[in-house]
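Please look through the structure below with its aromatic rings, its cysteines and its surface in mind. The report that comes after it takes these topics in turn.

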Amino acid sequence: MNINLLREIGIALIFVLLQVLVFNQIHLFGVAVPLVFIYVIFRMPLSLSTAWLLTASFFLGLVVDIFSNTPGMNALACTIFAFLRRPGLSLYLPHGSDYVAEVPSIRGFGMWLYVRYSLTLSLLYCVLLFSIESLSLFDFPYLLMRIVSSTLLTFVLILCIDSLSQGREKRL
């Protein structure tokens, strides 16, 4: 088996464990929940086929669902999120240009492209997850507050994680 594949699976397991054991317990001001496990989907190679991307994302969401007692919400949100990842990146690239890097990162994309990419996808995932969770717009201000606060918290943590991982890759 490829050593890079084993490393990526190990990283995915670490992020799932962190999400389930640590980040799911954090409810900042009762509304903001950091959803850092989606960083695994952010970092999947852009050359990965759509079928593999959707399958891996579904299983990642399913594992989080199993340990978080959320029946299929993360699996559905992760699958839709993975499907919209490449079009989300295409929003910020000039028409006809190819992807900047194989793996999305601050180092490969540059700071501003990665900030726009990660903020857009964090917002997309939070909208998907919290809309699926509420299944209505009954308390729209609370839903909107959860989406915005969780997006900002997730976005900041993903930037921090990517900055730390880039510094570690430079040393290796």
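What follows is a short account of selected aromatic pairs, cysteines and a surface patch.

The model is a predicted one, and the structure holds 9 aromatic pairs. In one of these pairs, phenylalanine 42 and phenylalanine 81 sit 5.8 Å apart, centre to centre, with an angle of 35° between their planes, and the pair is tilted. This pair links distant parts of the chain, since phenylalanine 42 belongs to helix H2 (residues 39-42) and phenylalanine 81 to helix H4 (residues 73-90), with the two positions 39 residues apart in sequence. Phenylalanine 42 is buried, with a relative accessible area of 0%, and phenylalanine 81 is buried with a relative accessible area of 0% as well.

Phenylalanine 81 also pairs with tyrosine 125: the ring centres are 5.5 Å apart and the planes stand at 80°, so this pair is edge-to-face. Because phenylalanine 81 lies in helix H4 and tyrosine 125 in helix H6 (residues 111-134), the pair ties together parts that are 44 residues apart in sequence. Both of these residues, phenylalanine 81 and tyrosine 125, are buried. The two pairs are set side by side here.

| Aromatic pair | Centre to centre | Angle between planes | Arrangement |
|---|---|---|---|
| Phe42 and Phe81 | 5.8 Å | 35° | tilted |
| Phe81 and Tyr125 | 5.5 Å | 80° | edge-to-face |

Phe42, Phe81 and Tyr125 are among the members of one aromatic cluster, which also includes Phe37, Phe109, Tyr114 and Tyr117.

The next topic is the cysteines. How many disulfides does the count come to? The count comes to 0 disulfides. Cysteine 126 is in no disulfide, and the nearest cysteine sulfur, which belongs to cysteine 78, is 11 Å away, whereas a disulfide would need the two sulfur atoms to be within 2.5 Å. Cysteine 126 counts as buried, because its relative accessibility is 0%. For cysteine 160, the closest cysteine sulfur is that of cysteine 126, and because the two sulfurs are 16 Å apart, they are too far for a bond. Cysteine 160 is partly exposed, with a relative accessible area of 40%.

The last topic is the surface. A nonpolar surface patch of about 790 Å² is made by Ile14, Leu17, Leu18, Leu21, Val22, Ile26, Leu28 and Phe29. One of these residues, leucine 21, is found in helix H1 (residues 3-21). Is leucine 21 buried or exposed? Leucine 21 counts as exposed, because its relative accessibility is 60%.

Terms used: Residues are numbered from 1 along each chain as its sequence is written. This is a predicted model: local features need pLDDT of at least 70, side-chain atom pairs count only at pLDDT 80 or more; totals for chains, interfaces and linings use all residues. Side-chain values use heavy atoms; hydrogens and water are left out. Rings of Phe, Tyr and Trp (its six-membered ring) pair if their centres lie within 6.5 Å; planes under 30 degrees apart count as stacked, over 60 as edge-to-face and the rest as tilted. Helices (H or I, at least four residues) and strands (E, at least two) are DSSP runs, numbered from the N terminus. Buried means under 20% relative accessible area, exposed over 50%, partly exposed in between (1.4 Å probe, protein chains only). Patches are made of residues with over 30% relative accessible area and no salt bridge: like charges are joined within 9 Å, nonpolar side chains (Val, Leu, Ile, Met, Phe, Trp, Tyr) within 5 Å. Accessible areas come from the Shrake-Rupley method with a 1.4 Å probe; for residues, only the protein chains shown count as cover. A salt bridge is a side-chain nitrogen of Lys or Arg within 4 Å of a carboxyl oxygen of Asp or Glu.
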